[in-house]
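Work through the exercises below with the structure open. Try each task before reading its solution.

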Amino acid sequence: MESHGKRSLARYSSILILFPRKKIILLLWEDAKEQMSVEVNQWPYDFPQSEDFPSSDQRGAVTGQLLVRDRYINGRPMHASSAYVGLAAPGDVGSWQTEAKGYQFWIRADRHGHFVIKNVRAGNYSLYAWVPGVIGDYKYEANITVKPGSRIRLGHLVYEPPRNGPTLWDIGTPDRSAAEFYVPDGYPTLMNKLYTRDPAEKFRQYGLWSRYSDLYPNDDLVYTIGISNVKDWFFAHVTREAGNNTYDPTTWRIIFELENVNRNENYTLRLALASATASEIQVRFNNPSSVLPLFTTGAIGKDNAIARHGIHGLYWLYGIDVPGSQLVEGKNTVYLTQSRSDGPFHGVMYDYIRLEGPRGA
């Protein structure tokens with residue numbers, strides 16, 4: 001660390017003369033990221049003398065291969081390419097998201113789903129995973145006890161994501177992020193120039209939630225399956241400004257066509273949320289005036305990602321039974337109402353929405 005500091009000091013003493021201040025800031029940022037990578041590769045350090053910091057040879061490892069089985073996509077198990085696989089405190093499926101007291105150890109699997117979680121502290125864990133492009137959370141059926149120096153080989157693990165029937169239509173990419181949807185330009189007077197160079201960082205601008213009211217001053221978003229695309233879907237389902245520091249609930253519509261309807265069977269609406277803040281999503285089919293919705297999430301979410309210029313928070317997944325009797329042959333409409341409207345930050349970011357046909361179809 002000391003030698004790196006001396007090199008950096010000498011390097012930037014000369015740079016100060018050659019480059020303007022903004023350029024120097026960017027160079028410092030790139031150098032900091034480079035040094036971070038160096039430190040990550042050196043972890044766990046060998047210099048701490050405390051027994052509370054186990055050395056590498058006092059830690060264990062867990063290896064395996066994760067596969068995905070979804071018979072409506074492929075008859076054979078598929079590689080869980082680039083899956084996020086981790087060890088965290090024992091708990092329920094997805095509980096690692098809100099676990100803050102224990103240690104967590106995560107790794108990214110390779111394109112074939114192979115993973116090696118190294119340098120794990122001794123202890124009891126559950127193994128969790130999620131796969132980009134696949135909905136839901138995986139959890140290994142048994143707890144795992146890691147001992148000093150142990151290497152645990154789990155072999156082939158198979159994740160069967162939630163699925164009742166074939167996909168009739170879907171919106172978005174199941175990756176726990178709303179980044180693929182429409183992120184508007186920020187207000188010029190509020191622009192943070194640090195995030196104008198990379199389009200992928202566009203969501204970090206202040207005040208983007210207010211742009212919904214600008215773009216939809218009277219009517220809410222309408223998305224038509226087969227005509228609209230992901231850039232027609234606003235990245236955050238928020239309230240509409242009504243003046244005098246008041247806000248109105250908003251209802252988004254998804255319009256789709258069905259050629260044949262089995263009125264005696266259930267369809268399934270999969271609703272995956274990338275974030276939720278003091279919000280409630282009510283779902284209705286073909287009857288926006290129905291007093292009771294077909295489904296409601298109830299009041300959910302405290303991650304505040306919308307106000308904090310994020311693109312995701314905690315992940316939520318709902319499987320909603322849709323009686324075939326509520327659908328018609330021809331034009332159908334799903335109404336998604338965000339009913340909580342006490343302020344500008346009440347809302348959700350959708351990750352992925354999918355309508356499935358009846359089981360066995």
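**Exercise 1. Place P184 and describe its surroundings.**

Step 1. P184 lies in the loop that links β10 (167-172) to α3 (211-215). Helices (H or I, at least four residues) and strands (E, at least two) are DSSP runs, numbered from the N terminus.

Step 2. The model is predicted: local features need pLDDT of at least 70, side-chain atom pairs count only at pLDDT 80 or more, and totals for chains, interfaces and linings use all residues. Residues are numbered from 1 along each chain as its sequence is written, and side-chain values use heavy atoms, leaving out hydrogens and water.

Step 3. P184 counts as buried because its relative accessible area is 0%. Buried means under 20% relative accessible area, exposed over 50%, partly exposed in between (1.4 Å probe, protein chains only).

Step 4. Set aside neighbours within four places in sequence. P184 then contacts K202, L208, R211, L215, F234 and F235. Contact means heavy atoms within 4.5 Å.

Step 5. Take R211 from that list. Its C-alpha atom is 7.1 Å from that of P184, with the two positions 27 residues apart along the chain counted as their separation.

**Exercise 2. Is N164 buried or exposed, and which side chain does it pair with in a polar contact?**

Step 1. Locate N164 in the loop between β9 (151-159) and β10.

Step 2. N164 has 18% relative accessibility, so it counts as buried.

Step 3. The N164 side chain makes a polar contact of 2.9 Å with the side chain of R359. A polar contact is a pair of N or O atoms within 3.5 Å; within protein, one must be able to donate a hydrogen and the other to accept it, and residues adjacent in sequence count only if both atoms are side-chain atoms.

Step 4. Beyond four places in sequence, the contacts of N164 include Y72, T268, R270 and E356.

**Exercise 3. Which residues touch the most other members of the largest nonpolar core?**

Step 1. A nonpolar core is a set of buried Ala, Val, Leu, Ile, Met, Phe, Trp, Tyr and Cys residues joined through side-chain atoms within 4.5 Å.

Step 2. The largest core has 46 residues; W233, L269, V283, Y350 and I353 touch the most other members.

Step 3. Strands supplying at least two residues each include β10, β14 (250-258) and β21 (347-356). β15 (266-279) gives the most, six residues.

Step 4. Beyond four places in sequence, W233 contacts Y350 and I353, among others.

Step 5. A second, separate core of 24 residues includes V85, A109, I117 and L127.
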